[in-house]
Amino acid sequence: MAATISQAPPQAQVRSHIEVDNGVPVRQRTWYLLLYVILIFYSLFSLGPFVFALISSFKTYADVLTPSLIPHPVTLSNYQQIFSGADLFPRYIVNSLIYASGTAVLNVLLASMAGYAFGRMEFFGKNVLFALTLAVLMIPSQLILIPKFLVATSLGLTDSLPALIVPAMAQPTMVFLMTQFLKGLPRELEESAMIDGASRFRIFWQIIMPLARPAITAVAILSFQGAWNDFIWPLIVQSSQQNYTLTVGLAYFGNQNYIAYNLLLAGAAVNLLPLVIIFFIFQRYFIKGISTSGLAGR
Amino acid sequence: MQGALHVSGTARKSKPKRSMGRKLRETLTAYGFLAPYLLILATFTLIATGYAFYLSFFYLDFGFGDPIFYGFKNYEHIWYDLTHSGDFFISLKNILFYTVGVVILQTVLALALALLLNQKVRGRGIFRTAFYLPALTSSVAISLIFIWLYNSQGVINYLLSLVGIHGPPWLYDPTTALPSIMLLNIWTTAPTFMLLYLAALQDIPDHLYEAARVDGANAWQITRKITLPLLRPTTFLVTALGTIGSFQMFDQSYLMGGASGGPLKSTLTPVLEIYNTAFADHAMGRACAEAVVLFVVILFFTILQRRFIDTNIQY
């Protein structure tokens with residue numbers, strides 16, 4: 001059996017097999033129909049809550065629990081009330097934007113630098129430090145929350161925007177991502193530049209960084225997303241209301257005794273929208289980043 | 001001419017020294033590049049981890065003085081709690097139930113979605129985007145949306161009433177509150193793991209499938225005998241990451257259980273309990289001891305999985 005297979009050119013074998021399949025197209029067509037039904041059903045399951053929440057964020061308080069797909073009446077008052085500033089809501093949004101973009105910019109810079117050293121330089125202690133970076137990825141992050149809070153407090157990092165950004169500004173996941181990407185660029189890039197007498201820093205800044213655009217985009221997006229969605233750290237570290245992020249502000253919204261679902265949904269929509277937009281523009285990098293950082297655990 | 005000769009002469013003589021010097025300079029430059037990252041890593045992860053172990057032997061009432069050495073008293077307190085059905089015990093019981101359910105179901109769902117999308121599907125990108133959306137968004141926004149959906153007069157109960165089922169008050173009933181959060185989290189986490197499975201599926205060499213087809217294997221046999229065994233490393237990764245993540249659940253129980261793990265502590269999780277010990281009871285030392293215990297539990301389960309899922313595969 002094995003001998004006959006190795007003698008026959010495999011492609012011819014496969015083609016003939018497909019022809020046999022074409023002999024029973026009905027079964028295959030049923031399978032594909034079923035496949036699309038399942039996929040569409042799950043898409044509805046996946047998108048439904050968001051679409052319905054978005055629609056309902058235009059409903060009045062009296063109307064918000066009715067299951068109708070069209071708000072009656074359609075109102076913008078929820079958004080107007082949120083943005084009127086009575087709950088410091090605009091402030092929360094600004095804080096979240098600063099936290100997320102600050103974290104993104106600093107991770108791009110610092111993780112690229114670390115990734116450049118790990119990916120393209122030979123130095124004493126490299127293997128140990130890189131192994132450490134991988135090991136740290138497996139430490140359950142919530143477990144060191146209390147000591148992290150105490151360390152931050154002793155450094156004077158509480159109740160301020162730096163208290164959010166500083167601990168998150170150089171994340172091991174992002175370093176791993178950059179290292180994996182930069183490792184793959186051709187060696188000759190440095191060699192020819194070094195012959196011309198360029199310093200390591202100039203090579204990094206002028207040659208490597210422009211070539212690292214895809215990885216930089218992934219790091220920027222993933223760290224923006226992490227900070228924008230972060231809840232527990234801002235909850236612990238910020239004490240005055242003016243320093244709350246959008247997530248913490250929304251949580252207090254939801255914890256009040258009577259729940260104003262209409263405002264809640266409008267707030268959730270404001271929280272969701274920036275990420276959805278970024279996702280649709282940079283989808284490719286998102287997916288690449290997640291697949292690569294997932295490999296860290298292997 | 002003389003100058004050039006002179007230079008080449010010294011170069012030859014000091015070659016080992018200079019390459020040593022270059023190595024040293026390269027190392028120093030590398031550490032220059034690494035310095036900010038290492039500083040942050042050391043401060044907020046390594047020192048913090050060590051500090052957690054250290055503090056677990058101390059009494060620290062935050063804001064009121066220095067840590068007082070406490071020996072094993074924090075651990076004795078936890079032991080008493082565990083043997084007398086205290087809050088930490090309840091939280092561990094909840095999270096075990098939660099983790100087992102969530103990890104199994106989300107792994108199966110992620111695998112199923114990936115296998116479906118790996119077929120010759122038209123519009124694969126669109127489906128992938130649609131499936132991924134729940135994983136993209138913040139736990140806070142999703143929790144708020146589901147507080148609304150799970151309301152006893154909410155949409156979910158409305159849909160159930162259409163098929164004649166009288167839905168429970170999901171988040172207000174101790175028997176359904178935790179399963180409600182489980183369903184929500186399976187729905188939000190599975191898409192990320194689906195992406196990992198999809199990446200792994202694309203790594204499986206085509207010639208393996210071809211060989212199997214030549215041998216007359218059908219689609220089901222190929223999936224069972226080739227695809228699933230080759231996906232084992234990913235399955236391990238997905239279950240390990242899923243377990244570590246599930247054990248640390250906090251946001252949803254804080255938001256949906258009214259910040260106290262309610263109703264009747266049915267959604268109390270260890271991280272929420274640690275948070276309460278630290279910031280409501282002001283017992284930082286005991287909170288660290290609880291974190292150490294939880295760390296050991298997570299480690300135990302990760303090692304257990306490693307033993308059950310054989311990742312040693314050969315093509």
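**Two chains, their domains and their contact**

Let me begin with chain A, whose secondary structure comes to 15 helices and zero strands. Please keep in mind throughout that what we are looking at is a predicted model. Chain A has 298 residues, of which 40% count as buried. If we take the contacts in chain A with a separation of 6 or more, then 76% of them are between residues 24 or more positions apart.

The domain assignment splits chain A into domain 1, covering 22–80, and domain 2, covering 86–295. Taken over C-alpha atoms, the centres of domain 1 of chain A and domain 2 of chain A are separated by 32 Å. Where these two domains of chain A meet, domain 1 brings 11 residues to the contact and domain 2 brings eight residues. On the side of domain 1 of chain A that touches domain 2 of chain A, the elements giving two or more residues are helix H3 (25–56) and helix H4 (77–83) of chain A, and the largest share, three residues, comes from H3(A). By class, that side of domain 1 of chain A divides into six nonpolar residues, four polar and one charged.

Let me now turn to chain B, in which there are 14 helices and two strands. Chain B has a radius of gyration of 27 Å, and because this is well over the 20 Å that the globule rule gives for 315 residues, chain B is more spread out than a compact globule. Taken along the principal axes, the box filled by the C-alpha atoms of chain B is roughly 100 × 75 × 35 Å. Of the 315 residues in chain B, 41% are buried, and among contacts in chain B with a separation of 6 or more, residues 24 or more positions apart account for 70%.

Chain B is likewise divided, with domain 1 at 2–55 and domain 2 at 84–308, and the C-alpha centres of domain 1 of chain B and domain 2 of chain B lie 44 Å apart. One element to pick out in chain B is helix H14, residues 284–308, which has 25 residues and reaches 36 Å from its first C-alpha to its last, close to the 36 Å expected at 1.5 Å a residue. Several residues in H14(B) are buried, among them B:Met284, B:Gly285, B:Arg286, B:Glu290, B:Ile298 and B:Phe301.

How do the two chains come together? In the contact between them, 74 residues of chain B meet 70 residues of chain A. Which helix of chain B gives the most to the side that touches chain A? That is helix H2 of chain B, residues 15–55, with 19 residues. The side of chain B that touches chain A has 54 nonpolar, 16 polar and four charged residues.

I would like to finish with a single residue, B:Phe250, which is placed in the loop between helix H11 (232–247) and helix H12 (251–256) of chain B. Is B:Phe250 buried or exposed? B:Phe250 is buried, because 20 other C-beta atoms lie within 10 Å, and 20 or more is the cut-off for that class. Leaving aside residues up to four places away in sequence, B:Phe250 touches A:Gln142 and A:Ile232 in chain A, together with B:Thr269, B:Val271 and B:Leu272 in chain B. Finally, B:Phe250 and B:Leu268 are 18 residues apart in sequence, while from C-alpha to C-alpha they are 8.7 Å apart in space.

Methods
Residues are numbered from 1 along each chain as its sequence is written. Chains are lettered from A and ligands numbered from 1 in the order in which they are written. This is a predicted model: local features need pLDDT of at least 70, side-chain atom pairs count only at pLDDT 80 or more; totals for chains, interfaces and linings use all residues. Domain bounds come from an automatic or database domain assignment. Two residues are in contact if their C-beta atoms, placed from the backbone, lie within 7 Å. Helices (H or I, at least four residues) and strands (E, at least two) are DSSP runs, numbered from the N terminus. Ala, Val, Leu, Ile, Met, Phe, Trp, Tyr, Cys and Pro count as nonpolar, Asp, Glu, Lys and Arg as charged, and the others, Gly among them, as polar. A residue is buried if 20 or more other C-beta atoms lie within 10 Å of its own, exposed if 12 or fewer, and partly exposed in between; C-beta atoms are placed from the backbone. The expected span of a helix is 1.5 Å times one less than its number of residues. The radius of gyration is taken over C-alpha atoms; the globule rule is 2.2 Å times the number of residues to the power 0.38.
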